[in-house]
Amino acid sequence: METIEVDVAIIGGGPAGCTCALYTSRADLKTVILDKNPSVGALAITHQIANYPGVSSEMSGEALLTLMRDQAIEYGTDYRRAQVFGVDVNGDWKTVYTPEGTFKSRALVLASGAMGRPASFKGEADFLGRGVSYCATCDGAFYKNREVAVVGANKEALEEAQVLTKFASVVHWITSNDPKKDDLHAQDLMQQPNVRHWSKTRLLEIDGNEGGVTGVILKSRSEEVQQSLSLDGVFVYMSGSKPITDFIGDQIAFKEDGGVVVDDFMATTSEGVWAIGDIRNTPFKQAVVAASDGCIAAMAIDRFLNSRKAIRVDWVHA
Ligand SMILES: Cc1cc2nc3c(=O)[nH]c(=O)nc-3n(C[C@H](O)[C@H](O)[C@H](O)COP(=O)(O)OP(=O)(O)OC[C@H]3O[C@@H](n4cnc5c(N)ncnc54)[C@H](O)[C@@H]3O)c2cc1C
């Protein structure tokens with residue numbers, strides 16, 4: 001199988017990878033993006049992206065991603081659909097393994113994002129982007145003076161429910177267990193005048209019609225019968241998303257939460273390897289943050305490669 005040499009290999013074609021490629025290509029570095037599937041990343045499945053600066057609030061995530069990808073390609077990026085199954089980060093030249101071929105690069109960028117949990121509630125997948133959301137910061141403003149539910153009791157659920165109290169008329173907070181008495185964030189949330197806490201209650205089903213979500217069905221541990229609730233939005237926070245790092249093994253350092261450790265320049269603990277976007281498990285997972293990471297890494301890579309122009313490949317013995 002062929003081996004392709006490039007200056008920069010980027011694993012993942014989301015906003016992080018495409019932005020990095022735009023900058024490295026414009027800096028005249030031979031750049032390849034290896035992308036498993038342009039339709040499955042976090043931005044690609046976002047129905048409407050109303051908070052990316054400079055683009056129409058009606059735009060879908062997929063349309064924005066296509067613009068980003070096309071712009072990188074226009075400046076010379078080689079975009080290839082390929083699923084990376086392994087990397088070797090030792091030495092000056094990094095190796096990336098895909099079923100379509102092997103890539104050798106002087107700089108390697110990890111931008112494979114994070115994987116959310118699979119939709120598990122009845123109706124969750126059907127109404128994703130039409131009332132079901134995983135991001136109050138992104139979608140909260142759509143629910144001004146409307147009723148919403150927040151499902152889950154983890155830190156993210158608490159923070160996102162607080163965001164929603166600024167917009168929604170009522171935030172129904174649904175938790176299968178009671179929050180601890182010393183959890184100050186939970187106590188503070190429950191003090192908000194527009195929060196109704198459904199304690200020891202499970203979400204059974206999300207209902208809706210062609211217009212989107214219309215309500216939920218709940219079952220409280222203390223009640224015999226199920227209850228239905230009319231509302232317009234359901235924000236689900238059951239378990240955090242996990243950075244996609246299975247192809248890296250233990251070749252770089254990870255944080256306890258699974259995110260890749262990087263410095264201010266997005267460099268990992270392995271020289272010549274950068275990590276950008278949701279793979280870092282950033283506290284604020286947003287397209288604009290991922291794009292910014294990509295820009296920072298690209299500029300750092302340009303500087304790094306310019307300082308090492310003389311490096312020769314070590315697998316050609318001519
Ligand atoms: C439902 C939803 C709604 C959201 N709404 C908003 C919003 O309104 N506004 C906002 O700013 N942000 C929003 N976000 C967050 C935003 O989409 C992410 O923060 C952003 O897309 C992260 O970019 P990324 O490039 O790191 O990862 P991704 O966009 O996830 O891209 C990762 C890419 O890597 C590829 N990949 C994965 N594994 C491999 C592999 N082994 N080999 C090759 N390629 C691989 C994937 O196919 C994918 O194309 C939303 C997220 C979700 C899930």
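## A salt bridge between Asp78 and Arg80

In this predicted model, Arg80 counts as partly exposed, with a relative accessibility of 28%, and Asp78 is likewise partly exposed, at 28% relative accessibility. These two residues form a salt bridge with each other, in which the closest N and O atoms are 2.9 Å apart. A search of the whole structure finds 8 salt bridges, and the pair of Asp78 and Arg80 is one of the salt bridges described in this report.

## Salt bridges that link distant parts of the chain

Asp232 and Arg146 also meet through their side chains in a salt bridge, with a distance of 3.5 Å from N to O. This pair links distant parts of the chain, since the two residues are 86 residues apart: Asp232 lies in the loop between strand S14 (227-230) and strand S15 (233-236), while Arg146 lies in the loop between helix H3 (136-139) and strand S9 (147-151). Asp232 counts as partly exposed because its relative accessibility is 27%, and Arg146, with a relative accessible area of 34%, is partly exposed as well.

A salt bridge is also found between the side chains of Arg280 and Asp293, where the distance from N to O is 2.9 Å. Here, too, distant parts of the chain are linked, with Arg280 in the loop between strand S17 (273-275) and H6, and Asp293 in helix H6, 13 residues apart. Are these two residues, Arg280 and Asp293, buried or exposed? Both Arg280 and Asp293 are buried.

## The cysteines

How many disulfides does a search of the whole structure find? The search finds 1 disulfide, and this bond joins Cys135 to Cys138, with a distance of 2.1 Å from S to S. The torsion about the S-S bond of Cys135 and Cys138 is about 75°, and therefore the disulfide is right-handed. The two partners fall into separate accessibility classes, because a residue is buried under 20% relative accessible area and partly exposed between 20% and 50%: Cys135, at 15% relative accessibility, counts as buried, whereas Cys138, at 25%, counts as partly exposed.

Cys20, by contrast, is in no disulfide, and the nearest cysteine sulfur to it, that of Cys295, is 8.9 Å away. Why is the sulfur of Cys295 not bonded to that of Cys20? The sulfur of Cys295 is 8.9 Å from the closest cysteine sulfur, in Cys20, and this is too far for a bond, because a disulfide requires a pair of cysteine sulfur atoms within 2.5 Å. Cys20 is buried, with a relative accessible area of 0%, and Cys295 counts as buried too, at 18% relative accessibility.

## Two buried residues with polar contacts

Glu124 is found in the loop between strand S7 (114-115) and strand S8 (132-133), and it counts as buried because its relative accessibility is 0%. The side chain of Glu124 reaches the backbone nitrogen of Ser120 at a distance of 3.0 Å.

Ser220 belongs to strand S13, which covers residues 212-220. At 8% relative accessibility, Ser220 counts as buried, and its side chain is joined to the side chain of Ser222 by a polar contact of 3.0 Å.

## The surroundings of the ligand

The ligand is surrounded by 34 residues, of which the closest are Asp35, Ala42, Asn51, Asp278 and Ala287. When the residues of this shell are sorted by class, 17 are nonpolar, 13 are polar and 4 are charged.

Several polar atoms of the protein can be followed to atoms of the ligand. A backbone N or O atom of Ala16 lies 3.1 Å from an oxygen atom of the ligand, and a polar backbone atom of Leu43 is 3.2 Å from an oxygen atom of the ligand. In the case of Asn51, a polar side-chain atom lies 2.8 Å from a nitrogen atom of the ligand. Taken alone, the ligand exposes 1000 Å², and the protein buries 93% of that area. Which elements give two or more residues to the shell around the ligand? They are helix H1 (15-26), strand S2 (31-35) and helix H6 (287-306), and helix H6 is also where Asp293, the partner of Arg280 in a salt bridge, is placed.

Note on methods:
Residues numbered from 1 in each chain as written. Predicted model: local features only at pLDDT ≥ 70, side-chain atom pairs only at ≥ 80, totals over all residues. Heavy atoms only, no water. Near = heavy atom within 4 Å. Polar contact = N/O pair within 3.5 Å; in protein donor to acceptor, adjacent residues only side chain to side chain. Areas by Shrake-Rupley, 256 points an atom, 1.4 Å probe, with all protein chains shown as cover. Helix = DSSP H or I, 4+ residues; strand = E, 2+ residues; numbered from the N terminus. Nonpolar A, V, L, I, M, F, W, Y, C, P; charged D, E, K, R; others polar. Salt bridge = Lys/Arg side-chain N within 4 Å of Asp/Glu carboxyl O. Buried < 20%, exposed > 50% of the residue type's maximum accessible area, 1.4 Å probe, protein only.
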